[in-house]
Amino acid sequence: MVTSPSVPRLVVAAPSSGSGKTTVATGLMAALARRGLSVSPHKVGPDYIDPGYHALATGRVGRNLDAYLCGPELIGPLFLHGARGCDIAVVEGVMGLYDGAAGEGELASTAQVAKLLRAPVVLVVDASSQSRSVAALVHGFVTWDPEVRIGGVILNKVASDRHEALLREALDSVGVPVLGVLRRVEQVETPSRHLGLVPVAERRAAAVDAVAAMAAQVSAGCDLEALVALARGAGTLSCEAWDAAGVPPSPEVGDHRERPRVAVAGGSAFTFSYAEHAELLHAAGAEVVPFDPLRDERLPEGTRGLVVGGGFPEVYAAELSANEPLREAVAGLALGGAPVAAECAGLLYLCRELDGRPMCGVLDASARMTGRLTLGYRDVVAVSDSVLAGAGERMRGHEFHRTAVEPGSGTGTAAPAWGVRVPERRVEGFVQRNVHASYLHTHWAAAPGVARRFVERCRTS
């Protein structure tokens, strides 16, 4: 058994969504970074937006820890990978502490991740409408699962000194220390829309101000020394850090041929991407080059493959449509047989149109905004051989969108990409020559063969 050096760490959780854990976690990251500590930021679950704020707070890449997408066995290794060289790690939870994948018990819950990381939990409690009842609430969360160590409470949205005194008096009987008390402060509120917080890339200056305000509030209202001491009491992890470079590459990677150039969409319209994807592409032998579909009128010179992840193309449909030279370049690349992998927003961008505005026209399908939220984990199997998977290969993914594509899967020369097994049976996505387009967000660390397969197709196509 390999024992890795201990990384001081704690998990910021809450009884439910909306309690303020993003404010506390991001503010704590920024406050510790301002004290000169190298802080490793992490987020439980598939969320792409919060890690952007974490990165702004710490100056390091925000990384996700998702036991459904990656499997429980990769939580420790992925954590250690992100926390290399750091003084302390802060992990923001998802939903309520014990909420996980629907019908899967504790799987993918914050509680499960805290146990896998042997990390103490700080419970953020919205105290705005209670006083003595807070003791019953905290007592229930402390005793529900004895393997989850709740090391302290941060009281959020406290109204006054009198309110604080009542809360502290009630919590004395529970035996869990109060590590912070925060008042409601308007400037730390971050704007939301149809899929959650507005990403950092869309509001850089305002996001910087918001993170600074979060840091100031946490510094003023929380006992940072006590929180650091709690983090230092985390247990030792008996695993090695995940490393993309340790994933066996294609046989050709070891020779001296030029690396195929893979263009990866970014900018404000395409902000959803896991850092491990680019790392795996690089390890598999690709030269990874970012570009911005809102600003760049051509693909990077020598592009052999294209990855277009998630984001908000519906917000930028007019600008994306107006960039006709790039749309034509993307269509030309795809029609020429180059490998293209598109997820969610990328799928919409490849369609013929989005809300009536012309897109790339790679797929003979039309996309539009709807009032219906499609959300949840998916257990899928590859229906067709593609640049990402061979027919019959199983993967896990996550859907999160308020758009619809018609037809919904496969049309003309396209075949379905995935057969959804859980929670319902259906087909989804498009495979057309070397194009793979789907609503499904996947985490390639769970299936590193995806990156190897994609890069090999870039070499040979």
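**Exercise 1. Backbone exceptions**

Locate R118 in this predicted model, and then identify what is notable about the phi angles of R118 and K157 and about the peptide bond that joins E406 and P407.

*Solution.* Begin with the position of R118, which belongs to the loop between α5 (110–116) and β5 (121–126). The next step is its backbone angle: phi of R118 is near 50°, a positive value in a residue other than glycine. Turn then to K157, whose phi is near 60°, again positive in a residue other than glycine; K157, however, is found in a strand, namely β6 (residues 150–158). To put these values in context, most residues other than glycine have a negative phi, and most peptide bonds are trans. The last step concerns the bond between E406 and P407, which is cis, with omega about -5°. P407 itself sits in the loop between β17 (394–406) and β18 (418–422).

**Exercise 2. The unit that contains β6**

Determine how β6 and β7 pair, and state the handedness of the unit that they make with α7.

*Solution.* Consider the pairing before the connection: β6 and strand β7 (residues 178–183) are paired in the parallel sense, over four bridges. The register can be followed at V153, which stands opposite V178 in β7. With helix α7 (residues 161–171) included, β6, α7 and β7 make a β-α-β unit that is right-handed.

**Exercise 3. A six-stranded sheet and its helix**

Work out the strand order of the open sheet that includes β13, and describe how α12 packs on this sheet.

*Solution.* The order of the six strands is β11-β10-β12-β13-β21-β20, and the pairing in this open sheet is mixed. Its edges are β11 and β20 (430–432), each of which pairs on one side only. On average, and with direction ignored, neighbouring strands of the sheet are turned by 15° against each other. Within the sheet, β13 and strand β21 (residues 435–438) run parallel and are joined by four bridges, with V340 standing opposite V435 in β21. Helix α12 (residues 324–335) packs on the sheet and touches β11, β12, β13 and β21, while its direction makes about 110° with that of β12.

**Exercise 4. Enclosed space beside β13 and β21**

Find the elements that give two or more residues to the lining of the second largest cavity, and classify the lining residues.

*Solution.* The structure holds two cavities of 30 Å³ or more, and the second largest has a volume of about 40 Å³. Its lining consists of A342, E343, L388, W418, H436, S438, L440 and T442. The elements that contribute two or more of these residues are β13 and β21. Sorted by class, the lining has four nonpolar, three polar and one charged residues.

**Exercise 5. The second largest pocket**

State how much space lies in the second largest pocket, and describe the residues and elements of its lining.

*Solution.* The space in this pocket amounts to about 890 Å³. Of the 41 residues that line the second largest pocket, those closest to its centre are F270, T271, F272, S273 and Y274. Next, assign the lining to elements: α2 (49–58), β10 (261–265), α10 (275–283), β11 (287–291), β12 (303–308) and β13 (340–343) each supply at least two residues. Finally, the lining divides by class into 25 nonpolar, eleven polar and five charged residues.

Methods
Residues numbered from 1 in each chain as written. Predicted model: local features only at pLDDT ≥ 70, side-chain atom pairs only at ≥ 80, totals over all residues. Heavy atoms only, no water. 1 Å grid on protein atoms, 1.4 Å probe; cavity = no way out; pocket = protein on both sides within 12 Å on 5 of 7 lines; lining within 4 Å. Points joined across faces, edges and corners; volume = space filled by probe spheres on them. Nonpolar A, V, L, I, M, F, W, Y, C, P; charged D, E, K, R; others polar. Pairing = 2+ DSSP bridges. Axes fitted to C-alpha atoms, helices over the stretch in contact; angles between N-to-C directions. Contact = heavy atoms within 4.5 Å. Right-handed = clockwise from strand over helix to strand, strands pointing away.
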